[in-house]
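Subject: A structure for you to look at

Hi,

Here's the structure I promised to pass on. Have a look at it first, then read my notes below.

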Amino acid sequence: MPATPTRMGFETQLFYGTAGAQAAQQITNAVDVDYNLDPERGDTTTRGDGTTPPIITSKVTGLKPTVTFKMLNKPTDPALIALLAAASTGAAVAIRTKSYSGGKGFDGDMTFSFKEGAPLKGEGTFEFTGEATEEAGRVPQTWV
């Protein structure tokens, strides 16, 4: 049986587009990409019979997807221009991630915040953090 290949970070694909439709334009100026899926939990702990401390338990009540990525500061890059404009106005953007060309990831609309990095001895960057939104009527999907 052939070995399963180990996927490398550069194989991850990131796409953007108009909110409300699946993102189709690939972002090739991205340096680092992180897709996070954090569960929100509600406490389900009970006191028990009072002879021992209770064991803390919880149940997932929601999932919070975020996508964080850095882009080099290339002022003529159309993706960078579009994402900065969206983040500056609070507009939603369609985002699609894939762990590799045939892989899975996030598919939905997000609103963004950003921070600009300007190290003295390094390249200028913009780091974007997106959180899921349904404002354009599209339900986010977390691992498709």
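A quick definition before anything else: two strands count as paired if DSSP finds at least two bridges between them. Also, keep in mind that this is a predicted model.

With that in hand, take Leu-14, which sits opposite Thr-97 of strand 5. Leu-14 is part of strand 1, residues 13-18. Strand 1 and strand 5 are antiparallel and linked by six bridges.

Strand 1 also pairs with strand 2, again antiparallel, this time through two bridges. One contact to find on screen is Tyr-16, whose bridge partner in strand 2 is Gln-25. These two strands make a hairpin with six residues in between, and Gly-20 in the turn has a positive phi of about 100°.

Is strand 1 mostly buried or exposed? Five of its six residues are buried, meaning under 20% relative accessible area, so strand 1 is largely enclosed by the rest of the structure.

Moving on from strand 1, strand 5 (residues 93-98) is joined to strand 6 (residues 107-117) by four bridges, and the two run antiparallel. Here Arg-96 has Asp-107 in strand 6 as its bridge partner.

Now the whole picture: seven strands form an open sheet with antiparallel pairing, in the order 2-1-5-6-7-4-3. Which strands stand at the edges? They are strand 2 (25-26) and strand 3 (30-43); each has a single partner strand, so one side of each has no neighbour in the sheet.

Happy browsing!

Methods. Residues are numbered from 1 along each chain as its sequence is written. This is a predicted model: local features need pLDDT of at least 70, side-chain atom pairs count only at pLDDT 80 or more; totals for chains, interfaces and linings use all residues. Side-chain values use heavy atoms; hydrogens and water are left out. Buried means under 20% relative accessible area, exposed over 50%, partly exposed in between (1.4 Å probe, protein chains only).
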